[in-house]
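Okay, thanks for coming, everyone. I'll put the structure up and then walk through it.

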Amino acid sequence: MLVLLVLDLADGQGLKVGFYQKTCPSVETIVKQTTAGFISRTPTLAAPLLRMHFHDCIVTGCDGSILLNSTKNNQAEKDAIPNQTLRGFQVVDAAKSALEKKCPGVVSCADILALVARDAVSQVSGPSWNVPLGRRDGRVSKATQALADLPSPFGNITELKATFSSKGLNAKDLVVLSGAHTIGIGHCFAFSNRLYNFTGKGDTDPTLDPNYIARLKSKCKPGDATTFVEMDPGSYKTFDGDYYTLVSKRRGLFQSDAALLTDSETKAYVKLQASSRGSTFFQDFGVSMVKMGQMGALTGTAGEIRKKCAFVN
Ligand code: HEM
């Protein structure tokens, strides 16, 4: 019994569920209430908050570096092009200021973001999972690093698998975590090549359903830099298993979504979830999120506990 408990609490990197039990016992309640307050008013914030945690972790580990502002001499991750569509920083800031009142200088911004992402997903009918805590905040944030490390929506399966595996995530994590695209939006510029100029000859992507192409063309005109579409049309505010049905019907929005059908392992997962109404997706998503949330985390005395999430101390 004791062994099981220890195994449950500890992980390979020194993060643990209940890390703040003595130092800030109300941390999870405060973050949950804050997140719920925002998302009940603006459900579309859940998606960018989940994406923000992913973008934090995949670039120099889950160290809150996505939250730092640029300075006179440094362009931060936040201002790299793929991150310019992130929203919801105010949710993390609000949770941080509530926590600073209750337990000053104790809870890291990186941990707050991991909790906010979990609570945002469950608030829009998705799964919930235990978040191992104890991350510390980094002091470095570089836009160039974000550009180098973030996966591209134009990526093929080899590139996507390489990006994920360089961070310790395997093909299963890739296909499971991509299911996050069941919520949120995508800007036309991230997929309009598939509609208008796939190989430079004014052609369309043959792997994209032609009926879907027609629908997307009616929304996205060539060169459109501002319009966006729902990634899971009709239920883009609800976290469900629809993503796999869409991808299997050749209606994944990005090339990176369609690419999941070009590898036997990821394809098998897509087909399984599509044919079983996402039977194991929620469970799998929690497992992969915990794994993702541990990537490169700073622990012990590394880094710092920021006073404000947008600034180093
Ligand atoms: C597999 C590689 C991935 C690629 C290439 C990718 C790419 C993208 C792109 C281009 C967008 C559209 C952004 C916009 O136009 O505003 C997007 C949105 C999104 N991504 Fe991913 N993504 C990937 C994996 C992930 C993962 C692992 C997660 C989370 C676990 C995630 C969560 C999201 C969410 C929730 C949105 C919607 C954001 C919103 O509504 O503002 N993505 N992604």
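So, buried residues make up 51% of the 313 residues in the protein chain, where buried means under 20% relative accessible area, exposed means over 50%, and partly exposed is in between, with a 1.4 Å probe and protein chains only. Before I go on, the caveats: this is a predicted model, so local features need pLDDT of at least 70 and side-chain atom pairs count only at pLDDT 80 or more, while totals for chains, interfaces and linings use all residues. Also, residues are numbered from 1 along each chain as its sequence is written, and side-chain values use heavy atoms, with hydrogens and water left out.

Overall architecture, then. We have 14 helices and two strands in the protein chain; those are DSSP runs, H or I with at least four residues for helices and E with at least two for strands, numbered from the N terminus. The radius of gyration is 19 Å, close to the 20 Å from the globule rule for 313 residues, so the chain is as compact as a globular protein of that length. For the record, that radius is over C-alpha atoms, and the rule is 2.2 Å times the number of residues to the power 0.38. If you want a box, the C-alpha atoms fill roughly 60 × 55 × 35 Å along the principal axes.

On contacts, meaning heavy atoms within 4.5 Å: of those with a separation of 6 or more, 75% are between residues 24 or more positions apart. The exposed surface comes to about 14300 Å², and carbon and sulfur atoms supply 57% of that. That area is Shrake-Rupley with a 1.4 Å probe; for residues, only the protein chains shown count as cover.

Charges next. There are 36 positive and 28 negative ones, and their mean positions sit 3 Å apart. Lys and Arg count as positive, Asp and Glu as negative, with His and the chain ends not counted. Each charge is placed at NZ of Lys, CZ of Arg, CG of Asp or CD of Glu.

Now let's zoom in on one helix. Which residues of H7, residues 157–165, are buried? They are Ile 157, Leu 160, Thr 163 and Phe 164. These cover an arc of only 130 degrees around the axis, which puts them on the same side of H7; the arc is that of the directions from the helix axis to the C-beta atoms. As a reminder, an α-helix has 3.6 residues a turn, so residues three or four places apart point the same way. And what do the buried residues of H7 pack against? Five partners: H3 (46–58), H6 (143–149), H8 (171–178), H12 (255–258) and H13 (264–275).

One of those partners, H6, contains Asp 149. Buried or exposed, that aspartate? Buried, at 13% relative accessibility. Leaving aside residues up to four places away in sequence, Asp 149 touches Ile 58, Val 59, Thr 60, Thr 163 and Lys 167. So there's Thr 163 from the buried set of H7 again.

Thr 60 deserves a click of its own. Its phi is positive, about 55 degrees, although it is not a glycine. Thr 60 sits in the loop between H3 and H4 (89–102), and is partly exposed at 38%. There's another positive phi at Arg 277, near 50 degrees and again in a residue other than glycine. Arg 277 is in the loop between H13 and H14 (281–292), and with 80% relative accessibility it counts as exposed.

Over in H14 itself, you'll find Gln 283, which is exposed at 59%. Gln 283 and Glu 100 are 183 residues apart in sequence and 33 Å apart C-alpha to C-alpha.

Last stop is H5. Just look at the loop between H4 and H5, where Ser 108 is located. Ser 108 is buried, with a relative accessible area of 0%. Beyond residues up to four places away in sequence, Ser 108 touches Tyr 20, Arg 135, Arg 136, Asp 137 and Ile 305. Then there's Gln 123, in H5 (residues 109–123), which is partly exposed at 36%. With the same sequence neighbours left out, Gln 123 touches Ala 36, Ile 39 and Ser 40.

That's the tour; questions are welcome.
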